[in-house]
Amino acid sequence: MAPARAAIAAAISMSFLSLFLCTYRSKLSWRDTHKKFFSKKVKNGLIEAIGNTPLIRINSLSEAFGCEILAKAEFLNPGGSVKDRVAVKIIEEALDSGELVEGGVITEGSAGSTAISLATVAPAFGCKCHVVIPDDAAIEKSQIIEALGATVERVRPVSITHRDHFVNIARRRAVEAKELASQKNNAVQLDAKQMNGYTSEEGSHASVFTNDCKGGFFADQFENLANFRAHYEGTGPEIWDQTNGNLDAFVAAAGTGGTVAGISRFLKEKNPNIKCFLIDPPGSGLFNKVTRGVMYSREEAEGRRLKNPFDTITEGIGINRLTKNFMEAELDGAFRGTDREAVEMSRFLLKNDGLFLGSSSAMNCVGAARVAQSLGPGHTIVTILCDNGMRHLSKFYDPQYLSQHALSPSATGLEFLGRDL
C-alpha cells in the first residue's frame, strides 16, 4: 500500500506543480504581451509623443504643378509646432551636461513657437520656463505661454545689437537665476538669517524667480547647435524613411536656421543630388547670402531700415545675421517670398485642402510651389508645416489687420504665383 500511496501523493504534487506552472506561464505571458504592447503602441509620456509626424501630400498643389508636393505635419506635435523637437533636444543636452538641473529655469527669447514648446515640455523634465517675447508678436502666443505655466516678459522690438533685444534680455535672466541659486546655496552654507536680499544688475527683475529656483539655463535657440542636431538626427531621417529616399528637393524658410540646416545636411549626405532651397520673407538678408554671398538688403542700403531687422507679417522666420545653426545648412539656392503670397497661399490651402496653417507654414508652401515651378513636373518636393493657424489669429488671420496693411486676400486660385487654375 505504501508504494501506492506514494504514487498518489506524487501524482497530486505533480498536478499542483503543473497548475502552478500553467498559472505562472499565463501571468508571464500576459506581462510579456502587455509589455510588448506598451513598448510599441503606447508612448511613455509627453516627450515620446514628439516627432514621427506624418508626411502628407498637399493634393491641390501637387495636382496644380504636376509634382508630388509633400509636407511634414509638424503642427501635430504635442506643443503644436516643429519647435517641440528643438525644445526637447536643448533640455536633454543641458541636463546631460549639468548646465541645467531639475528645478532650474530655462530662459529664452522667442517670437512664439520655441517659447511655447519650451513651456510645454519643461514640466516633463521637472523644470520651469521664463520667456522674453517682442510685444509686436501675436498676443495669443504670450497668452498660451502663460497658460502653460511659464512667466512672460513682453518687450519692445529692437535690433539684436541692442542690450534690450528680447534675446539679450533672456540671456541675462539666465544669469540672474544662476546668481539667485548661488546666493541661496551660500546663504545655506553660512546659515544666513536673510534669504531674500538677492540683487543683480537688473535688480527690478530679481522677483521674476522664486527662492526655490535651482539655477538658470539660456536655451539660446539661435546659436545652440542642439537645434541643428534635433533635425539632423530626427526630422531629416524621418523624411528620408517616409519617402523611401525618393525625393528630389527640400525647401523651407529659416529663423534660427536649425530646421533647414539639419534636414538639408542629412538629406545631402544621403543623396547629394537632392536639391535643398531656402524660401525667405521680405527684408531678411538670408536670400542675398545664399544667392550672392553677402548679407545685403535694399532697405538697409537706402537707409530705410524699419523698426525690426525685417518687416513682415510672417513670424519666426527671416533674419539679418548668420547663426551657428544656419551656417550648418547645405543649400543649392533660395527664393523670395512675399507677405501677400503667404496670405493668399494660406487661404488657398484652407479652401482646397482643409489645411489651417500658420504664417511660416504658408511661406514654406509658397517655397514648395516655387521649387515646383523651377524644376518642372514629375518631381517630389518636401517642405515643413511648422505650425497651424491657431496662434496667428490676431494678425495673420485678422481681416482688419490685413486690411490695414493692404494684404486682404482676393485670389480665386494660384494667380498670385503667376499661375491660373
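## Two oblique helices

Helices α3 and α4 are oblique to each other, because an angle that is neither under 35 degrees, nor over 145, nor from 65 to 115 counts as oblique. In this predicted model, their axes cross at roughly 55° and come within 8 Å. The crossing of α3 and α4 is right-handed.

Helix α3 covers residues 83-97, and α4 covers residues 113-121. If you would like to find where the two helices meet, look in α3 for Lys-83, Asp-84, Ala-87, Val-88 and Ile-91. Their counterparts in α4 are Ser-113, Thr-114, Ser-117, Leu-118 and Val-121.

## The sheet

Next comes an open sheet of 4 strands, paired in parallel and ordered β5-β4-β3-β6. Its edge strands, β5 (151-155) and β6 (216-218), each pair on one side only. On average, neighbouring strands of the sheet are turned by 20° against each other, direction ignored.

Inside the sheet, β3 (residues 105-109) runs parallel to β4 (residues 128-134), and 5 bridges join them. Among the residues involved is Glu-108, whose bridge partner in β4 is Val-131.

## A helix across the strands

Helix α5, made of residues 139-147, lies across β4 and β5. Relative to β5, helix α5 runs at about 155°.

## Cysteines

How many disulfides does the structure hold? The count is 0. For background, a disulfide is a covalent bond between the sulfur atoms of two cysteines.

Two cysteines are worth finding in the model. Cys-67 has 2% relative accessibility, so this residue counts as buried. Cys-213 also counts as buried, because its relative accessibility is 4%; the cut-off for buried is under 20%.

Methods
Residues numbered from 1 in each chain as written. Predicted model: local features only at pLDDT ≥ 70, side-chain atom pairs only at ≥ 80, totals over all residues. Heavy atoms only, no water. Pairing = 2+ DSSP bridges. Axes fitted to C-alpha atoms, helices over the stretch in contact; angles between N-to-C directions. Contact = heavy atoms within 4.5 Å. Disulfide = S-S within 2.5 Å. Buried < 20%, exposed > 50% of the residue type's maximum accessible area, 1.4 Å probe, protein only. Left-handed = near helix turned anticlockwise from the far one by under 90°.
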